[in-house]
Amino acid sequence: MLLNLLTGIPVMLVCLVFQAIFVGICLRRYVRFRQNHEVFGRSLQQIALLALVMLLAMFGNLLQMAAWAGLFMLLGEFADFSTALYHSAVNFATLGYGDIVMSERWRLLGALEAANGILMFGVSTAMMTAALTDLIRHGRDKPPGSP
């Protein structure tokens, strides 16, 4: 168990760094775009802006899944990266299919990845909520009939 923790915690920290980077990039880009473009009252632009934030967040989450898959490959748990990535995605998203399992020695890493994934998806959700709340709040601040 201790070996699993010592092996998994560094990957969790890498994921935290990835998530912090992507949240920072997403929110900075969101604010910059919103300041340079009039998106309030323009539904299509609002949808595109939220979609971009979501896609960047998902890309960050996919990188984290790939980091876990890389660890699984280094440990010799899977013969090919696509299987390792599939297993990682199932763990990270907390689906828990169980169709592919790791060896008894390393299976606790799946639970660690699931805990990591649920936290990181929570951060992604918070970021999306912040962007949506901002659009709603500033959209209400506009007087009726203004561009």
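**Close-up views of a four-helix chain**

**View 1. Gly 122, a partly exposed glycine in helix H4.** With a relative accessible area of 36%, Gly 122 is partly exposed. You will find Gly 122 in helix H4. Please keep in mind, here and in every view that follows, that this is a predicted model. Leu 2 makes a handy reference point for this view: 120 residues separate Leu 2 from Gly 122 along the chain, and their C-alpha atoms are 27 Å apart.

**View 2. The whole chain, for orientation.** Before zooming in again, here is the overall layout. The chain has 4 helices and 0 strands, and the order of its elements from the N terminus is α-α-α-α. Helix H1 covers residues 2-36, helix H2 covers residues 43-74, helix H3 covers residues 81-92 and helix H4 covers residues 108-141. Along the principal axes, the C-alpha atoms fill a box of roughly 65 × 25 × 20 Å. The radius of gyration is 19 Å, whereas a compact globule of 147 residues would come out near 15 Å. Of the 147 residues, 35% count as buried. If we look at contacts between residues at least 6 apart in sequence, 69% of them join residues at least 24 apart.

**View 3. The surface and its charges.** The accessible surface of the chain is about 8600 Å², and carbon and sulfur atoms account for 70% of that area. As for charge, there are 10 positive and 8 negative side chains. The centres of these two sets lie 15 Å apart.

**View 4. Trp 68 and Phe 72, a tilted ring pair in helix H2.** How many aromatic pairs does the model hold? The count comes to 4. One of them joins Trp 68 and Phe 72: the ring centres are 6.2 Å apart and the planes meet at 45 degrees, so this pair is classed as tilted. That angle falls between the cut-offs, since stacked rings need planes under 30 degrees apart and edge-to-face rings over 60. Within helix H2, Trp 68 and Phe 72 are 4 residues apart, which puts about one helical turn between them. Both residues are buried. Phe 78 belongs in this picture too, as ring pairs link Trp 68, Phe 72 and Phe 78 into a cluster.

**View 5. Phe 92 and Phe 121, a ring pair between two helices.** What is the geometry of the aromatic pair formed by Phe 92 and Phe 121? The pair is edge-to-face, with 5.4 Å from centre to centre and 65 degrees between the planes. Phe 92 sits in helix H3 and Phe 121 in helix H4, 29 residues apart, and the pair links distant parts of the chain. The two partners fall into separate accessibility classes: Phe 92 is buried at a relative accessible area of 0%, while Phe 121 is partly exposed at 23%.

**View 6. Leu 109 and its buried surroundings.** Leu 109 is in helix H4. Is Leu 109 buried or exposed? Its relative accessibility is 0%, so Leu 109 counts as buried. Beyond its neighbours within four places in sequence, Leu 109 is in contact with Asn 4, Thr 7, Gly 8, Trp 68, Leu 71, Phe 72, Leu 75 and Met 102. Trp 68 and Phe 72 in that list are the ring partners from View 4. For a sense of scale, the C-alpha atoms of Leu 109 and Gln 45 are 41 Å apart, with the two positions 64 residues apart in sequence.

**View 7. Thr 7, seen from helix H1.** Thr 7 lies in helix H1 and is buried, with a relative accessible area of 17%. Which residues does Thr 7 contact, leaving aside neighbours within four places in sequence? They are Leu 71, Leu 75, Trp 106 and Leu 109. Leu 71 and Leu 75 also appear among the contacts of Leu 109. Gly 98, 91 residues from Thr 7 in sequence, is 22 Å away in space, C-alpha to C-alpha.

**View 8. Met 58 beside Ser 124.** Met 58 lies in helix H2 and is partly exposed, at 35% relative accessibility. Although 66 residues separate Met 58 from Ser 124 along the chain, their C-alpha atoms are 8.1 Å apart.

**View 9. Thr 94, with a positive phi.** Thr 94 is found in the loop between H3 and H4. Its backbone deserves a look: phi is positive, about 60 degrees, although Thr 94 is not a glycine. Thr 94 is partly exposed, with a relative accessible area of 40%.

Notes:
Residues numbered from 1 in each chain as written. Predicted model: local features only at pLDDT ≥ 70, side-chain atom pairs only at ≥ 80, totals over all residues. Heavy atoms only, no water. Phe/Tyr/Trp six-rings, centres within 6.5 Å; stacked < 30°, edge-to-face > 60°. Buried < 20%, exposed > 50% of the residue type's maximum accessible area, 1.4 Å probe, protein only. Rg over C-alpha atoms; globule rule 2.2 N^0.38 Å. Contact = heavy atoms within 4.5 Å. Areas by Shrake-Rupley, 256 points an atom, 1.4 Å probe, with all protein chains shown as cover. Lys, Arg positive; Asp, Glu negative; His and termini not counted. Charge placed at Lys NZ, Arg CZ, Asp CG, Glu CD.
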